[in-house]
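Biologist: Please show me the model, and then I will ask about it piece by piece.

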Amino acid sequence: RKMEMTYKNTLLKVTAILMIVFAVLGLVSAGMISMDVQKELGGSSGGFTSMIMEIAMEDPSFAAQAGIDDPAEFYELMQDEEFQAVMGGVFAVISVVMILFAAVAAIPRAIAGILGLSRSSRPEKSGFFMAWGIVLLILGVIGMLFSGGVFSFNGLVSLVGGVVLPILYLVGSSQQKKAYLASLSAAQAVNINYAAMPAGSSPKAPPAAPEAPRQPENKGPEF
């Protein structure tokens, strides 16, 4: 208990706080991407139509693959209100999935950060940071594949929150383990004399320091 009170790992404490911060930023980033998708494709009546028509103009085989030969018929389909409603629902589902995916990545990160704050000063909890570091690093690498590039806001959040911070957890876990083993060695060194003593005996107290000779009291001449 005394070791817990005196030991502090600044690296793990700061990393745990950053874990919580980047968990929140991950949700914010997902919300921003979702809003951009709806704005560009489903936010206006012609957004999706413009995008599809642009693709069709650049690639004439696009409409043919959809089974439509007449460009006017293709444009009429794009303007159909029912078609627009269906595609709006599709992109709404895509937006929800993106937010859920970000939440799945952010929740473990937040849990690891919140629990890590109290465990950063406990050397015997090195296994906690090792396990969470490995799990979050795996999730972070997978998340980088869907981040949209390292130089985007979402990519930066995924890189730092999903890769850099888990690696720092692994480094801090190694530091904690070394501190814990050092505390065990110190405890064993203190108790080694007790283990070597015969059963029923007690450690001898160190000899008391000799008392200084007392000076005789000077009472003055007697009458």
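Biologist: What pLDDT does the protein average?
Modeller: This is a predicted model, so confidence comes first, because where pLDDT is low, the predicted coordinates should not be read in detail. Of the residues, 60% score at least 70. The average pLDDT over the protein is 75.

Biologist: Which element has the highest mean pLDDT?
Modeller: At the low end stands helix 1, residues 2-6, with a mean of 52. The highest mean, 91, belongs to helix 7.

Biologist: How many helices and how many strands are there in the protein?
Modeller: Read from the N terminus, the elements run α-α-α-α-α-α-α-α. The count is therefore eight helices and zero strands.

Biologist: What share of the contacts with a separation of 6 or more lies between residues 24 or more positions apart?
Modeller: The protein has 223 residues, and buried ones make up 28% of them. Among contacts with a separation of 6 or more, the share from residues 24 or more positions apart is 74%.

Biologist: Which helix supplies the largest share of the largest nonpolar core?
Modeller: That core has eleven residues: L12, A16, M19, F22, A112, F128, F129, L136, V157, L165 and Y169. Helix 2 (10-42), helix 7 and helix 8 (153-196) each supply at least two of them. The largest share, four residues, comes from helix 2.

Biologist: Which residues does L165 touch, leaving out those up to four places away in sequence?
Modeller: L165 is itself one of the residues of the largest nonpolar core, as are M19 and F22. With neighbours up to four places away in sequence left out, L165 touches T15, L18, M19, F22 and V160.

Biologist: Is G113 buried or exposed?
Modeller: G113 sits in helix 6. Leaving out residues up to four places away in sequence, G113 touches A16, M19, I20 and Y169. Its relative accessibility is 0%, and the cut-off is under 20%, so G113 is buried.

Biologist: How far apart are the C-alpha atoms of G113 and V14?
Modeller: Along the chain, G113 and V14 are 99 residues apart. In space, their C-alpha atoms are separated by 9.5 Å.

Biologist: What is the C-alpha to C-alpha distance between L115 and F128?
Modeller: L115 belongs to helix 6, residues 81-119. L115 is partly exposed, at a relative accessible area of 34%, whereas F128 is part of the largest nonpolar core. In sequence L115 and F128 are 13 residues apart, and their C-alpha distance is 9.2 Å.

Biologist: Which helix gives the most to the nonpolar surface patch?
Modeller: The patch covers about 720 Å² and is made by F101, M130, I134, I138, I142, L145 and F146. F101 lies in helix 6 and is partly exposed, with a relative accessible area of 44%. Four residues of the patch come from one element, residues 126-144, and that element is helix 7.

Biologist: What part of the exposed area do carbon and sulfur atoms supply?
Modeller: The protein exposes about 15,100 Å². Carbon and sulfur atoms supply 67% of it.

Biologist: Which residue forms a salt bridge with E124?
Modeller: The structure holds one salt bridge. Its closest N and O atoms are 3.2 Å apart, which is within the 4 Å cut-off. E124 is partly exposed at 37% relative accessibility, and its partner, partly exposed at 24%, is R122.

Notes:
Residues are numbered from 1 along each chain as its sequence is written. This is a predicted model: local features need pLDDT of at least 70, side-chain atom pairs count only at pLDDT 80 or more; totals for chains, interfaces and linings use all residues. Side-chain values use heavy atoms; hydrogens and water are left out. Helices (H or I, at least four residues) and strands (E, at least two) are DSSP runs, numbered from the N terminus. Buried means under 20% relative accessible area, exposed over 50%, partly exposed in between (1.4 Å probe, protein chains only). Patches are made of residues with over 30% relative accessible area and no salt bridge: like charges are joined within 9 Å, nonpolar side chains (Val, Leu, Ile, Met, Phe, Trp, Tyr) within 5 Å. Accessible areas come from the Shrake-Rupley method with a 1.4 Å probe; for residues, only the protein chains shown count as cover. A salt bridge is a side-chain nitrogen of Lys or Arg within 4 Å of a carboxyl oxygen of Asp or Glu. pLDDT is the predictor's confidence in each residue, from 0 to 100. A nonpolar core is a set of buried Ala, Val, Leu, Ile, Met, Phe, Trp, Tyr and Cys residues joined through side-chain atoms within 4.5 Å. Contact means heavy atoms within 4.5 Å.
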